[in-house]
Amino acid sequence: MILMEEKKIKVNNREYNVTLNDQTQLNAMKLKRLYQQSYNDMDSFDEVSTEISSTITNLLKRSVSPDVLEEDMDGTIQQILKIYDKKGKK
C-alpha cells in the first residue's frame, strides 16, 4: 500500500500542493544524490545535469499541482527536498 500525504507549500506568494508518496520520495532522494555527484565529479557534469533536469521535470509533473511556474521551480524543489530531509530525521 502506498501512503500518500498532501502538503501545501508557498513559493513567491503562490500556493502549491505537493503529493508526498513513494515516487516523490524516490525522485527527491535521486535528485539529492545527483546534486552531490555533480559537485564531486565535474568531468561528468553534462551527463549528470541532464539527469538532474529530467528528475526535476518528473518530480514537478507528478508531485506538484497546479503546474509550477518557471520562476517558482527552484524554490519548489528546495521545499520538497527540505520536506524529505525533515522526514528522514524523524
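**Charged pairs, a surface patch and unusual backbone geometry**

E71 is exposed, with a relative accessible area of 53%, where exposed denotes over 50% relative accessible area, buried under 20%, and partly exposed the range in between, evaluated with a 1.4 Å probe and protein chains only. The structure is a predicted model, in which local features need pLDDT of at least 70 and side-chain atom pairs count only at pLDDT 80 or more, whereas totals for chains, interfaces and linings use all residues. Residues are numbered from 1 along each chain as its sequence is written, and side-chain values use heavy atoms, with hydrogens and water left out.

E71 is placed in the loop between strand 3 (64-65) and helix 3 (73-89); helices (H or I, at least four residues) and strands (E, at least two) are DSSP runs, numbered from the N terminus. When neighbours within four places in sequence are set aside, E71 is in contact with N12 and R14, contact being defined as heavy atoms within 4.5 Å. The C-alpha atoms of E71 and V11 are separated by 9.2 Å, although these two residues lie 60 residues apart along the chain.

Side chains of opposite charge can pair when their charged atoms come close. A search of the whole structure finds 5 salt bridges, each defined as a side-chain nitrogen of Lys or Arg within 4 Å of a carboxyl oxygen of Asp or Glu. One of them is formed by R14 and D72, whose closest N and O atoms are 2.6 Å apart. This pair links distant parts of the chain, since R14 belongs to strand 2 (residues 14-20) and D72 to the loop between strand 3 and helix 3, 58 residues apart. The two partners are unlike in their accessibility, as R14 is partly exposed with a relative accessible area of 29%, while D72 is buried with a relative accessible area of 0%.

A salt bridge also connects the side chains of E51 and K30, with an N to O distance of 2.7 Å. Because E51 lies in helix 2 and K30 in helix 1, this pair ties together parts that are 21 residues apart in sequence. E51 counts as partly exposed at 31% relative accessibility, and K30 is likewise partly exposed, with a relative accessible area of 26%. The side chains of K32 and D85 meet in a further salt bridge, at 2.4 Å from N to O. Here K32 lies in helix 1 and D85 in helix 3, so the pair ties together parts that are 53 residues apart in sequence. Both residues are partly exposed, K32 with a relative accessible area of 34% and D85 with one of 31%. Salt bridges that share partners, in turn, join R14, E71 and D72 into one network.

Helix 2 also contains T55, which is buried, with a relative accessible area of 0%. Not counting residues up to four places away in sequence, T55 touches N27, K30, L31 and L34. K30 thus appears both among the contacts of T55 and as the salt-bridge partner of E51.

On the surface, D41, D43, D46 and E47 gather in a patch of negative charge. Patches are made of residues with over 30% relative accessible area and no salt bridge, like charges being joined within 9 Å and nonpolar side chains (Val, Leu, Ile, Met, Phe, Trp, Tyr) within 5 Å. Within this patch, D43 is placed in the loop between helix 1 (22-40) and helix 2 (45-63) and counts as exposed at 78% relative accessibility.

Turning to the backbone, most residues other than glycine have a negative phi, and most peptide bonds are trans. Phi of N12 is nevertheless positive, near 50°, and N13, which is not a glycine either, has a positive phi of about 65°. N12 is placed in the loop between strand 1 (5-11) and strand 2, as is N13. N12 counts as partly exposed at 49% relative accessibility, whereas N13 counts as exposed at 73%. A cis peptide bond, with omega about -10°, joins S65 and P66, and P66 is placed in the loop between strand 3 and helix 3, where E71 is also found.

Notes: Areas by Shrake-Rupley, 256 points an atom, 1.4 Å probe, with all protein chains shown as cover. Lys, Arg positive; Asp, Glu negative; His and termini not counted. Charge placed at Lys NZ, Arg CZ, Asp CG, Glu CD.
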